[in-house]
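Take a look at the fold below. The report that follows goes from the core outward to a few local details.

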Amino acid sequence: MTTPLLQIIILLILSLLLQSLASKSATPTRIQLPHPPRTALSVTDFGAIGDGIHYDTEAIQSTINSCPTSPPIKTCHVSFPPGIYLTATIHLKSNVVLNIQEGATLLGGTKLEDYPKEFNRWYVVLAENVRDVGITGGGVVDGQGLKFVKRFDERKNVMVSWNSTGACLGDECRPRLVGFIGCTNVKVWNVMLSEPAYWCLHIVQCRNTYIYDVSIYGDFNSPNNDGIDIEDSNNTLITRCHINTGDDAICPKTYTGPLYNLTVTDCWIRTKSSAIKLGSASWFEFKGLVFDNISIVDSHRGLGLQIRDGGNVSDVTFSNINISTRYYDPSWWGRAEPIYVTTCPRHSCSKEGSISNLQFINITAKSENGVFLSGSKGGLLSNLRFINMNLTYSRWTDYTGGLVDYRPGCQGLVNHSAAGIIMEHIEGFEIENVNMRWSDYQNELWDNPLDFRPSTVNNISLRNFHSALYKQMK
Ligand SMILES: *[C@@H]1O[C@H](CO)[C@@H](O)[C@H](O)[C@H]1NC(C)=O
Ligand SMILES: *[C@@H]1O[C@H](CO)[C@@H](O)[C@H](O)[C@H]1NC(C)=O
Ligand SMILES: *[C@@H]1O[C@H](CO)[C@@H](O)[C@H](O)[C@H]1NC(C)=O
Ligand SMILES: *[C@@H]1O[C@H](CO)[C@@H](O)[C@H](O)[C@H]1NC(C)=O
Ligand SMILES: *[C@@H]1O[C@H](CO)[C@@H](O)[C@H](O)[C@H]1NC(C)=O
Ligand SMILES: *[C@@H]1O[C@H](CO)[C@@H](O)[C@H](O)[C@H]1NC(C)=O
Ligand SMILES: *[C@@H]1O[C@H](CO)[C@@H](O)[C@H](O)[C@H]1NC(C)=O
Ligand SMILES: *[C@@H]1O[C@H](CO)[C@@H](O)[C@H](O)[C@H]1NC(C)=O
Ligand SMILES: *[C@@H]1O[C@H](CO)[C@@H](O)[C@H](O)[C@H]1NC(C)=O
Ligand SMILES: *[C@@H]1O[C@H](CO)[C@@H](O)[C@H](O)[C@H]1NC(C)=O
């Protein structure tokens, strides 16, 4: 398989080779150490108790601050032996890696005074404008998200909001779990991130981020429990992650600048929202995104583009992906679409971004609703390809269908009978080797494999496209 990952690995090896050749010819006598020199400090040597009751904030922060900063030390591991370390926000320095060992939990505080004044710094672990930082060790970072539930509700929990303080408005005023802001060379690996009160892992304006073997768990009924949010960042690689959470699992956004080169491979995802979602914050460009070998299970939406603010999207590939999507309570965005591509103005004065060069290859989906592809008048959807896809439609929950979902903003929820693929405002769409199967057991009418508004859809080609009924066991 010539997957994009393989290409990246080949490129990496090539560049390493070139680098080593270059350094050899430039400094032939230099001795190369096999590993960068590193040091390790244990938080218990700085007074951390690890009983889960007393705050260890000061001990942890002094350990980090005691890390040597001068060469030859390159990396300083701050170790957490088994234990539960209750903490307020801790700040990472350059060259520091938190090594939370197996059996150790870094437990975020649940009080407002545990976090800095500014809402945009409310994280349990925060790295700001530093480089060569990371988290690893086999242990857990836990945000105690359930303590932020005001009222449990299977449809959607009602959450605490610290909005009365004025630091933040609305109902989303809760701390995030881990944040890297303006960082270079970030590595998060072999760690579990659990129960965030709000978003889980937040990558903002970073360069070169590598996230692998990370497991993320958020409560399935809590809103805003996003998995990984990647904002305005370049060159991000996410691989072998396991994400089981309430809100969007992998969510690239653009607020203040573009997002280039995001690759996500070999992940497993379950969410009550979108498994993968570009947007909805979409003020700048998204370009060069690859999603490969991903399993999406029991989610409200599979692969989603929710472009609302005028940023343009181009060169995005989704390949080798299995999807199962179903309806959940309609208070969550999503209508069980395996694929959802929309661009429309959020408000009447918002700009319309365009989406072009979007490919879906080797996709298998079993879903309670069809595919929704919707450009808009000023935000065309162009050069779309569906290649090797098996789409199976049936119903197994009792939620009513028959709505298309333009939220947030735009036209909101609109009555529209279900169809295999609904299309509007599209220019250039190739469909090749695509099979649709329809269950004969229906509590709503499926009567249309391809539903398009002819005056807004141009240049569709169908090659080896099939659509057929099948018997659903009941
Ligand atoms: C799609 O699947 C086929 C058969 O498994 C494989 O040969 C091909 O490389 C895949 N394409 C991509 C882009 O991964
Ligand atoms: C504060 O948050 C609550 C939800 O917890 C919400 O109902 C309320 O509208 C918010 N108030 C303001 C002023 O944003
Ligand atoms: C990402 O790359 C673009 C294009 O080079 C650049 O404008 C932007 O500032 C970069 N972002 C970051 C966070 O470095
Ligand atoms: C994105 O990746 C391409 C291809 O590897 C590279 O040429 C480009 O410089 C990268 N963009 C940024 C902003 O780093
Ligand atoms: C796909 O990802 C799974 C992990 O989710 C991994 O076990 C498997 O080896 C990957 N397959 C390929 C072809 O890389
Ligand atoms: C998708 O399902 C097929 C058939 O069950 C399996 O062979 C393939 O490995 C799965 N791929 C992923 C990415 O889960
Ligand atoms: C999106 O593309 C259009 C047309 O090329 C351009 O006018 C607009 O400035 C772009 N938007 C952004 C946010 O770059
Ligand atoms: C779709 O189903 C056909 C027939 O069962 C199978 O040959 C093909 O490999 C499947 N394609 C994908 C992408 O799963
Ligand atoms: C959608 O349909 C429902 C029931 O079929 C009806 O009550 C409702 O008024 C319709 N909404 C719109 C916006 O047409
Ligand atoms: C139709 O779309 C394809 C890509 O989907 C493109 O290569 C081709 O040039 C388009 N044809 C016309 C007449 O626009």
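## The nonpolar core

A nonpolar core is a set of buried Ala, Val, Leu, Ile, Met, Phe, Trp, Tyr and Cys residues joined through C-beta atoms within 7 Å. Keep that in mind here. The model is predicted, and its largest nonpolar core has 113 residues. Within this core, the residues with the most contacts are V125, V141 and L373.

Which residues does V125 touch, once its neighbours within four places in sequence are left aside? They are I90, L92, L98, I135, V141 and V178. V141 therefore appears twice: it is a contact of V125, and it is also among the residues with the most contacts inside the core. A second core of five residues stands separate, with Y327, W332, W333 and A336 among its members.

## Overall build

The protein has 35 strands and two helices. Its radius of gyration is 24 Å, close to the 23 Å that the globule rule gives for 474 residues, so the protein is as compact as a globular protein of that length. Along the principal axes, the C-alpha trace spans about 70 × 60 × 45 Å.

How much of the protein is buried? Of its 474 residues, 45% count as buried. Contacts also reach along the sequence. Take those between residues at least 6 apart: 75% of them join residues at least 24 apart.

## Strand β7, an enclosed strand

Strand β7 covers residues 104-108. Why is β7 described as largely enclosed by the rest of the structure? Five of its five residues are buried, so the description fits. A residue counts as buried if 20 or more other C-beta atoms lie within 10 Å of its own. Both faces of β7 are covered. A104, L106 and G108 are buried on one side, and T105 and L107 are buried on the other.

β7 also has strand partners. It pairs with strand β4 (residues 83-87) in the parallel sense, over five bridges. One bridge there links G83 to A104 of β7. Strand β10 (residues 140-142) runs parallel to β7 as well, and three bridges join the two. Here L107 has D142 of β10 as its bridge partner.

## Unusual backbone spots

Two peptide bonds are cis. One joins G279 and S280, with omega about 0°. S280 lies in strand β22, which covers residues 274-280. The other runs from R407 to P408, with omega near 0°. P408 sits in the loop between β30 (403-405) and β31 (413-415).

Two residues other than glycine have a positive phi. For Q144, phi is near 55°. This residue is found in the loop between β10 and β11 (149-151). Q144 has 18 C-beta neighbours inside 10 Å, so it counts as partly exposed. For N185, phi is about 60°. N185 lies in strand β14, residues 184-194. N185 is partly exposed too, because 17 other C-beta atoms lie within 10 Å.

## Around ligand 10

Which residues surround ligand 10? They are N383, G428, E430 and N459. By class, this shell holds three polar residues and one charged residue. It has no nonpolar residues.

How values were computed:
Residues numbered from 1 in each chain as written. Chains lettered and ligands numbered in written order. Predicted model: local features only at pLDDT ≥ 70, side-chain atom pairs only at ≥ 80, totals over all residues. Near = placed C-beta within 6 Å. Nonpolar A, V, L, I, M, F, W, Y, C, P; charged D, E, K, R; others polar. Buried ≥ 20, exposed ≤ 12 C-beta atoms within 10 Å, placed from the backbone. Helix = DSSP H or I, 4+ residues; strand = E, 2+ residues; numbered from the N terminus. Pairing = 2+ DSSP bridges. Rg over C-alpha atoms; globule rule 2.2 N^0.38 Å. Contact = placed C-beta atoms within 7 Å.
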